[in-house]
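Q: I have a new entry open and want to go through it piece by piece. Short answers, please.

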Amino acid sequence: MKSVRFLVAGILAVGVTACAPSGASPEEGGSPALTRGTFALDAGAPPCPMMGGTCVPVSPPIPQDAACPSNRWIAVLAEGIDSCPQGPSGQGGQWAGARLFEVSRGQWALPPGLAPFCSYDWQTPGGGLPSQQAVTLLKSGLGARALRLDRDCQVVAPMGSSATVKAAWQTLHTDFHAQTGQLAVLPPGGTFQPAEVRVAIVDSAPHRYSDGEAVEDRLGHGHAMGRVVRELGCPDGSPVCIAQVANHLALPQVTPNVRDLAHGGYFGEQTQLARAIHAAVTEWRGHNAGEVPPGKTATPQPRLVVNLSLAWDGRFGGAYSGDLVEQLPAPVRAVHAAITHAVCRGGLVIAAAGNDPGGPEPVFGAMYPADWEQKPAPALAQCEPFEGLGYSGTGAYPPLPPAGATVYRPLVYAVGGVRGDDAPLASTRPGGRPRLAAPGAHALATDVDATGALVPTDILTGTSVSTAVVSGLVATLWGYRPELSGPELMERVRQASVSLGTPADFCLGGSPCPWAVTDPRRVIRRVSLCEALVQACKGGPGRCPPSTQLPECTPRPAYGSPLPSLDEGAWASIESKLTRTIDGSTLDVELPPLAVCRQSTLRSNRWRYDETVCPFRQYYGIPLRPWTNPQPSKNPCICCWFRADPLETPAPTAVLYISIDSEFSSRSLDSPTLILNDKHTVDLSGLLELAGQPTLAAGDEVKVTAIPLDPDWLPIKRAVLTLRGEELGVPYSTFDELLLQ
């Protein structure tokens with residue numbers, strides 16, 4: 001299995017600090033001396049910026065020019081302009097213009113709604129970016145023929161972090177699918193067998209259908225999403241196989257200037273995402289029209305699910321008022337148009353709500369395109385001119401709900417992530433929880449290697465995997481009920497989901513959701529494949545099995561399920577791999593609260609604040625391109641364990657197991673810091689220094705024993721570990737939700 005490798009972009013930002021001197025007086029920005037017991041604690045002043053909510057030196061925000069280079073511009077043509085105007089030449093180069101979307105495929109012309117988009121790329125023998133004069137030349141050359149002209153942005157990123165699997169992956173895999181409601185065998189249909197359903201994984205995997213199997217990729221993210229879908233909708237050994245995975249590459253960029261179409265990359269442009277969505281729709285239609293390789297048979301796939309386990313930050317465009325999509329930057333508008341095309345053709349678009357990437361700037365709300373759940377899906381009167389001649393809203397598998405239907409119909413369906421106990425993921429964005437939630441913590445799927453042995457994918461945490469769970473579930477149900485339109489099917493999914501009693505932050509109609517917090521339509525519900533199948537197939541309609549052959553589901557009440565727990569054999573395996581054991585009992589110093597540390601006290605064996613011991617709002621990813629790394633980024637310790645012993649005398653203690661991914665590279669990490677229950681901070685960096693080895697490296701397996709806990713911290717419901725590193729001289733930090741035992 002391929003693991004995530006880190007993007008090392010050739011774009012550096014200079015780190016800055018603006019710190020009060022250590023030991024400064026309160027008037028100069030310092031903190032007064034405090035006492036605890038018989039100890040005098042001179043907290044000093046944190047040698048780092050107080051502004052921006054961070055307590056480590058951080059890089060300044062990268063300017064938009066780095067995210068949206070000026071060598072590629074997207075135009076939206078004015079009405080009546082039928083072809084892309086030729087790009088002007090001069091200033092040492094040529095602007096090469098072309099249709100953004102593929103002009104035709106087989107028997108279909110480009111839909112009128114996708115025709116106005118053109119791309120203009122700067123071409124020059126010497127390479128490099130165009131001058132401002134060259135950009136002005138392009139703008140003046142297009143003139144009034146272009147309604148909008150905007151730079152394309154390389155800001156689309158996968159919405160999950162992952163790491164190579166360490167110990168006990170079987171336990172995590174079993175627990176994950178107990179959460180999803182997976183069925184080991186899908187029941188056969190009654191009079192008719194379930195239909196195949198195409199699931200387009202628009203992600204980092206290279207473009208290929210591959211008979212419904214997930215394709216491997218450089219990043220590993222798209223492959224893992226496909227395997228999650230496959231395990232739900234086409235489980236190994238099941239006589240019924242519904243979900244047919246098709247891969248479409250939207251993240252081909254290895255660096256800002258290098259893309260790899262054969263193996264995929266780490267991030268992508270907004271227009272690469274738009275084109276991948278369009279390709280997914282076109283190839284699905286082609287499959288159903290018999291466009292298959294020689295020797296293959298095109299089994300009909302009447303329904304399409306588009307899985308978007310990726311997103312971009314709203315600062316790069318996405319918000320618009322009412323129906324005024326022309327307010328959107330041209331590349332963003334292209335994504336919106338591609339999604340509209342998919343919905344008009346009857347597809348369901350499932351999108352990750354996004355994760356908090358950290359950094360000095362607080363985030364709020366969902367990322368895009370998931371945030372477009374606030375916007376309505378197109379109606380028939382909008383789809384007819386958008387799709388052009390020959391479009392019909394009727395047929396055996398109607399693309400839209402019946403006229404007059406009152407089902408919930410957003411443009412996309414956003415998905416949030418929860419742990420096994422239904423608590424939101426630690427990386428949940430404030431204001432970013434949608435109406436639908438799915439398991440998304442420490443999840444993984446399985447695959448088969450070249451020898452036929454069962455092997456795991458990377459462990460996954462984030463709304464990426466939650467989205468793949470919903471896509472796999474929806475595809476499976478649609479196979480049994482293909483006569484339902486997408487929104488009608490999603491109503492069945494929601495009806496069968498478990499109410500978490502918490503109101504969603506946004507919904508169709510706006511943010512905050514305009515419904516009352518007590519309105520059942522607003523409550524967040526967690527999905528289950530087993531429960532949804534039973535709900536959708538009551539009475540044996542469509543291609544469903546008789547009611548007597550429906551599965552019996554194991555109820556998982558809201559907030560009532562335990563987190564994954566290791567048996568003694570798994571613990572013995574972990575203990576056998578340890579490379580270091582460190583005594584944590586010397587963590588007996590409490591530093592006073594700081595505003596940048598959520599007013600939390602900090603447990604340490606240091607006597608003053610240090611630049612590395614206040615982790616709140618550090619960068620969670622490598623800050624070279626913070627919006628394009630997986631959000632949160634690939635972390636070195638995603639399979640790390642925390643075990644509290646509340647009965648330890650004379651005071652409760654805990655044990656931490658740190659397992660650094662063997663493929664993390666040779667870079668060292670330092671400053672391990674725990675955040676317990678989102679408010680209590682424990683600095684472990686001094687312990688590593690006392691032990692004579694202050695850094696952690698690839699392959700390290702470290703056990704920290706006897707970590708003191710205050711009784712009022714109990715019970716421990718969440719534990720997060722941060723580690724600090726450096727990439728080409730730029731500091732960053734990682735953020736890992738620990739597995740509680």
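**Cavities, pockets, sheets and rings**

Q: Which element gives the largest share of the lining of the largest cavity?
A: The largest share comes from α9, with 5 residues. Helices (H or I, at least four residues) and strands (E, at least two) are DSSP runs, numbered from the N terminus.

Q: What kind of model is this, and how are residues numbered?
A: It is a predicted model, where local features need pLDDT of at least 70 and side-chain atom pairs count only at pLDDT 80 or more, while totals for chains, interfaces and linings use all residues. Residues are numbered from 1 along each chain as its sequence is written, and side-chain values use heavy atoms, with hydrogens and water left out.

Q: Back to cavities. How many of 30 Å³ or more?
A: There are 14 cavities of 30 Å³ or more. On a 1 Å grid over the protein atoms alone, a cavity is a set of points where a 1.4 Å probe fits but cannot get out; a pocket is an open set with protein on both sides within 12 Å along at least five of seven lines; lining residues have an atom within 4 Å of a point.

Q: What volume does the largest cavity have?
A: About 110 Å³ (the space filled by probe spheres set on grid points, which are joined across faces, edges and corners). Two or more lining residues come from each of β20 (413–418) and α9 (486–495).

Q: Which residues line the largest cavity?
A: The lining includes Glu373, Tyr408, Tyr413, Arg435, Met490, Glu491 and Arg494. By class there are 7 nonpolar, no polar and 4 charged residues. Ala, Val, Leu, Ile, Met, Phe, Trp, Tyr, Cys and Pro count as nonpolar, Asp, Glu, Lys and Arg as charged, and the others, Gly among them, as polar.

Q: Pockets next. What is the volume of the largest pocket?
A: About 630 Å³. Of its 30 lining residues, Gly113, Val325, Arg333, Thr340 and Phe386 are the closest to the centre. β3 (72–77), α6 (330–344) and α7 (380–387) each give two or more residues to the lining, and α6 gives the most, with 4.

Q: And the second largest pocket, what volume?
A: About 460 Å³. It has 17 lining residues, with Leu249, Leu261, Gln272, Arg275 and Ala276 nearest its centre. α5 gives the most, with 7 residues. By class, the lining has 6 nonpolar, 5 polar and 6 charged residues.

Q: Change of topic. What is the strand order of the sheet with β27?
A: The order is β27-β34-β31-β30-β37, in an open sheet of 5 strands with mixed pairing (two strands pair if DSSP finds at least two bridges between them). β27 (580–583) and β37 (739–740) each have a single partner strand, so one side of each lacks a neighbour in the sheet.

Q: How does β27 join β34?
A: The two run parallel and are joined by 4 bridges. Thr705 in β34 is the bridge partner of Asp583. Along β27, Arg580 and Ile582 point to one face and are buried (under 20% relative accessible area; exposed is over 50%, partly exposed in between; 1.4 Å probe, protein chains only). Thr581 and Asp583 point to the other face and are not buried.

Q: What about the other end, β30 and β37?
A: β30 (residues 641–645) and β37 run parallel, with 2 bridges. Phe642 stands opposite Leu740 there.

Q: What order does the antiparallel sheet have?
A: The antiparallel sheet is open, with 5 strands in the order β4-β5-β8-β3-β9. Its edge strands are β4 (89–90) and β9 (146–151).

Q: Is helix α4 enclosed or exposed?
A: Largely enclosed by the rest of the structure, because 13 of its 13 residues are buried.

Q: Last one, aromatics. How many aromatic pairs?
A: The structure holds 9 aromatic pairs (rings of Phe, Tyr and Trp, the latter by its six-membered ring, with centres within 6.5 Å; planes under 30 degrees apart are stacked, over 60 edge-to-face, the rest tilted). Trp312 and Tyr368 form a stacked pair, at 6.3 Å centre to centre and 25° between the planes. These two residues are 56 apart in the chain, and both are buried.

Q: Why is the pair of Trp571 and Tyr657 called tilted?
A: Their planes are at 45°, so the pair is tilted, and the ring centres are 5.0 Å apart. Trp571 is in helix α11 (residues 568–576) and Tyr657 in strand β31 (residues 653–659). Trp571 is buried at a relative accessible area of 6%, and Tyr657 is buried at 3%.
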